[in-house]
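Thanks, everyone. I'll keep this brief and go straight to the model on the screen.

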Amino acid sequence: MQIYQIHIPELHTGVKFKVVSTKEVEDFVQKHKRKSDENFKKEVLRYFIFNLKTDVASSLNMMSRAAAERAVEAMYAGCVMLNPGLDSDHWINMAYAGAPLNPIYDQDDDPFDEVRDFIKKTKQNIDKKNKEVVKSRKMTKHKFLGLANHLKSKVIGQDEAIEEVVSALTRAQADMHDENRPLGVFLFAGSSGVGKTHLASELHRYMFGGSSQMVRIDCGEFQHKHENQKLTGSPPGYVGHDEGGQLSNQVKNNPYTVVLLDEVEKAHQDIWNTFLRVFDEGVLTDSKGDLVSFRNTIIILTTNLGNDKIVNDMISTGAGFTQSVEFQRRTTTTPARATVKKKTEEAISKYFRPELLNRIDKTVIFNHLSREDCIRIAQIEMSVTADKLSRKGISLEYTDNVIDGLINLGIDTIRGARGISQVRRDSIETSLANMIVKSVVPKGTIFHIDYLDNEFSFNMTKPVKKKKVEEEG
Ligand SMILES: Nc1ncnc2c1ncn2[C@@H]1O[C@H](COP(=O)(O)OP(=O)(O)OP(=O)(O)O)[C@@H](O)[C@H]1O
Ligand SMILES: [Mg+2]
């Protein structure tokens, strides 16, 4: 057995690594291989780090949890590097996540050149593979150029927000962003029901497509310090350790995704610290000790900060939408964008720490929706119903009053446009479904919808049957 003292940047003390014969490494692996990854790692540290319980432990105790986790990773990597039979998979994981491997050595006369070479080659191979995967997942130039227009057709009245997001993502598309960070980190601010989540999910669908869903974390569920564990998984020995974390698991399984952190202001400070590392380094260590890469994700934080004040002002000045159509027709005023921007920015800079704001690529402030925007949204909603009917061979006709009705019942200052699709489903589609179920509705039928005296009314015209001309034949 030999002992090498090596400096690890995070630790304030030299770490003494044991280097043992291949046979001893094999025996160790045989003895401990049935353990979970986390327990195996612990055993490795216990056995191969000579001064773990003394100087290393006291140095770890003085460090933050994140720094201690990094030091433990580095020590484990050191054990495996010096005793290569321990865990060949680990190299692949470390290299894949781009974790710093080199600082482990600070000796000029490094006796383990071959080991270093091996790691370098493995890392190069994996980097190459990783790049190929990214390339194949990356959008074609043509598709990327269509991104802004596609988003504008789905998310109404938020053209400035969309332009800002797309222009920030252009750097990633051109490979000019920092590769060790997520593709983009955005803070979406604005009133409720104006399209923040909607834009995130449309962006996910267009960029990462397929059947995958974006990853959504409700920060309201992370208001206490201990809830950090729900993100990355419970520590070994605790209930739920095997299940892993809500955030880490989802991104591990689907590394190409939009990650939505909803109502981020509600999260506990410690949880922000976890996020900060992700924004900074693009990685997160989960409770099993795996490094999860966020470098192919787009992270979107949302907040309603500043919104209360704006909404209160709107209600007291009578701007924006209330429950009456007539009133809305008269007052199409939405608060000036400059006012919304100023109030929101003030609230954000008062509330969020500069460390967080500095790591955000772009703070995007969403507009309040104008009456024209609401009309477009209601029309899009009606086209959803029309599509469903046309698949059954039924056509749909509706008056402008129906759009008024949807807006009247579905829009309010506090919930924004959220209610429109609810009204369409509950008041329109349910009635149409009843008609389809209760009467004979042949192909070629036309449904007519109107909205009068605060109620939707429904009629249908069935196709005229061709009469047989009796004289013939
Ligand atoms: N700008 C918009 N364009 C099209 N549809 C919209 C728009 N804004 C809202 N909607 C409709 O309202 C629903 C709710 O909007 P969304 O979930 O994006 O709100 P939000 O801004 O995230 O609000 P909150 O802050 O309350 O989460 C959407 O699913 C969509 O149907
Ligand atoms: Mg939302």
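Start at the ligand. One of the oxygen atoms of ligand 1 sits 2.8 Å from a side-chain N or O atom of K196. Keep in mind that this is a predicted model.

Two more polar contacts to ligand 1. S192 puts a polar side-chain atom 2.4 Å from a ligand oxygen atom. N304 has a side-chain N or O atom 2.9 Å from an oxygen atom of ligand 1. How much of ligand 1 does the protein bury? On its own, ligand 1 exposes 620 Å², and the protein buries 85% of that. Around ligand 1 there are 17 residues. I156, S192, G193, K196 and T197 are the closest.

Next, the nonpolar cores. The largest one has 56 residues. Which residues have the most contacts inside it? They are L147, L169, F186, L203, I298 and I300. Helix α9, residues 159-173, supplies the largest share of this core, with seven residues. Domain 2 (146-365) and domain 3 (371-461) each give this core at least three residues.

Look at F186 within that set. Its contacts, leaving out neighbours within four places in sequence, are V165, A168, L169, I298, I299, I300, L301, I360, K362 and V364. There is also a second, separate core, with 33 residues. Among its members are A189, L231, V278 and I360. So note I360 on both counts: a contact of F186, and a member of the second core.

Now S248. It belongs to helix α12, residues 246-253. Buried or exposed? S248 is buried, because its relative accessible area is 0%. A polar atom of its side chain lies 3.4 Å from the backbone nitrogen of G245. Beyond four places in sequence, S248 touches L231, T232, L284, D286 and V292. L231 is one of the residues in the second core.

Last stop, I49. Where is I49? It sits in the loop between α2 (37-48) and α3 (52-61). I49 counts as buried because its relative accessibility is 2%. In sequence, I49 and F17 are 32 residues apart. In space, their C-alpha atoms are 4.8 Å apart. F17 is also among the residues that I49 touches, once those up to four places away are set aside. The others are V15, K16, V44, V56, M75 and C79.

That's the tour: ligand, cores, and two buried residues, S248 and I49. Happy to take questions.

Key:
Residues are numbered from 1 along each chain as its sequence is written. Chains are lettered from A and ligands numbered from 1 in the order in which they are written. This is a predicted model: local features need pLDDT of at least 70, side-chain atom pairs count only at pLDDT 80 or more; totals for chains, interfaces and linings use all residues. Side-chain values use heavy atoms; hydrogens and water are left out. A nonpolar core is a set of buried Ala, Val, Leu, Ile, Met, Phe, Trp, Tyr and Cys residues joined through side-chain atoms within 4.5 Å. Buried means under 20% relative accessible area, exposed over 50%, partly exposed in between (1.4 Å probe, protein chains only). Helices (H or I, at least four residues) and strands (E, at least two) are DSSP runs, numbered from the N terminus. Domain bounds come from an automatic or database domain assignment. Contact means heavy atoms within 4.5 Å. A polar contact is a pair of N or O atoms within 3.5 Å; within protein, one must be able to donate a hydrogen and the other to accept it, and residues adjacent in sequence count only if both atoms are side-chain atoms. A residue is near a molecule or strand if one of its heavy atoms lies within 4 Å of it. Accessible areas come from the Shrake-Rupley method with a 1.4 Å probe; for residues, only the protein chains shown count as cover.
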